[in-house]
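Me: I am new to this structure and should like to understand the terms used to describe it. Please explain on what grounds each description rests.

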Amino acid sequence: MYNSYSPQLNIAANTAVLAGKSIMRFYSRLENLKVMSKGFNDYVSEADQESEKIITESLIKSYPKYKITAEESGSNDIVSEYEWYIDPLDGTTNFIHGIPQFAVSIGLCKNKVPILGVVYDPFKNELFCAEKGKGALMNDKKIRVANCSSLKSAVLGTGIPYRKKDHSGVYIETLRTLMDARCGSIRRLGAAALDLAYVASGRLDGFWEFNLKPWDIAAGSIIVSEAGGHISDIKNTDGYFDSGNVLAANLSLHQSIINELQENLL
Ligand code: IPD
Ligand code: CA
Ligand code: CA
């Protein structure tokens, strides 16, 4: 499909589209969808499970020696420098409520560093992908982060903590700081992998969220950096993959946000 990209990228992209077709079959008959609770405010549906089955079977068939970490089934026992991170349905809460903002996310890391990723929105048929050193695409077009450098005109995406109380205090402080700085506007769209893809394509000027998981971030983070953006921990360190506390934007806006946060709360 993408000639100048690796077979791994092409397989991940085809697999994400296949999984997306399955997700849309469930979406067309939501009233029959079986939903199970995994914990407080944490749900899994048969659409998540079926999507994950399609993805893991396809990736294992093509790359039997790569490690896999998938949201619903966890990690396999394989030891490899290569590891797939799979979110079979990012935005499950949106999905089960019939809100059309959800995606499949597949990222490949080498020694824990993302080297390629795909995020596929099956409702809008938008496929975001990127590979290290090769740039980022949305469907067949190159994408770039927005060039907005002023917080005052920036539209930021965010994720509001709703599962654990741990981060609610510090999260509200970041929200207050950015609101007080007269940030242009703030959106909570509900699918973190897509939020990152939207930063990469300039739809959002920036995005921050706490406590994300590697499968939320692996694909989206490389799509952001290959689209010319900058991604870090909320304290401006590299450790976002481990902490799950993420800030993404173009470099200049990223710095303005970090300055605001450092002056006002960190
Ligand atoms: C969630 C979504 C949501 C974010 C949560 C994630 P899930 O993923 O990305 O936007 O705020 O932190 O866990 O559970 O729908 O795959
Ligand atoms: Ca997710
Ligand atoms: Ca998920």
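The following exchange takes up the sheets, the helices, the ligand and one residue in turn.

Me: What kind of model is this, experimental or predicted?
Reply: This is a predicted model.

Me: What makes strand 12 and strand 14 edge strands?
Reply: Strand 12 (185-187) and strand 14 (230-233) each pair on one side only. They belong to an open sheet of 5 strands with the order 12-11-13-15-14 and mixed pairing. From one strand to the next, the twist averages 20 degrees.

Me: How do you know that strand 13 pairs with strand 15?
Reply: Two strands pair if DSSP finds at least two bridges between them. Strand 13 (residues 206-209) and strand 15 (residues 246-249) are joined by 4 bridges and run antiparallel, so the criterion of at least two bridges is met. Opposite Trp 208 stands Leu 247 in strand 15.

Me: Which strands does helix 8 lie across?
Reply: Helix 8 (residues 251-264) lies across strand 11 (155-158), strand 13, strand 14 and strand 15. Its direction is at about 140 degrees to strand 15.

Me: Why is Ser 232 called buried?
Reply: The word buried is used for a relative accessible area under 20%. Ser 232 has a relative accessible area of 2%, and is therefore buried. The place of this residue is in strand 14. Residues touched by Ser 232 include Thr 237, Tyr 240 and Leu 247, leaving aside those up to four places away in sequence.

Me: What makes the approach of Ser 232 to His 254 a polar contact?
Reply: A polar contact requires a pair of N or O atoms within 3.5 Å, one able to donate a hydrogen and the other to accept it. The side chains of Ser 232 and His 254 make such a contact at 2.9 Å.

Me: What is the order of the open sheet of 8 strands?
Reply: The order is 4-3-5-6-7-8-9-10, and the pairing is mixed. Strand 4 (74-75) and strand 10 (141-142) are the edge strands, each pairing on one side only.

Me: Why is strand 5 described as largely enclosed?
Reply: Of the 9 residues of strand 5, 9 are buried, so the strand is largely enclosed by the rest of the structure. Strand 5 pairs with strand 3 in the parallel sense over 4 bridges, and with strand 6 in the antiparallel sense over 7 bridges. Ala 70 stands opposite Ile 86 in strand 5, while the bridge partner of Tyr 82 is Lys 110 in strand 6.

Me: Which strands does helix 6 lie across?
Reply: Helix 6 (residues 214-226) lies across strand 3 (67-70), strand 5, strand 6, strand 7, strand 8 and strand 9. The helix runs at about 100 degrees to strand 7.

Me: How do you know which residues surround ligand 1?
Reply: A residue is counted as near if one of its heavy atoms lies within 4 Å. Around ligand 1 there are 15 residues, and the closest are Asp 90, Gly 91, Thr 92, Ala 192 and Glu 209.

Me: What places an oxygen atom of ligand 1 beside Asp 90?
Reply: An oxygen atom of ligand 1 is 2.6 Å from an N or O atom in the side chain of Asp 90. For Arg 188, the distance from a ligand 1 oxygen atom to a side-chain N or O atom is 2.9 Å. A polar backbone atom of Gly 190 is 3.1 Å from an oxygen atom of ligand 1. Taken alone, ligand 1 exposes 380 Å², of which the protein buries 93%.

Conventions: Residues numbered from 1 in each chain as written. Chains lettered and ligands numbered in written order. Predicted model: local features only at pLDDT ≥ 70, side-chain atom pairs only at ≥ 80, totals over all residues. Heavy atoms only, no water. Helix = DSSP H or I, 4+ residues; strand = E, 2+ residues; numbered from the N terminus. Axes fitted to C-alpha atoms, helices over the stretch in contact; angles between N-to-C directions. Contact = heavy atoms within 4.5 Å. Areas by Shrake-Rupley, 256 points an atom, 1.4 Å probe, with all protein chains shown as cover. Buried < 20%, exposed > 50% of the residue type's maximum accessible area, 1.4 Å probe, protein only.
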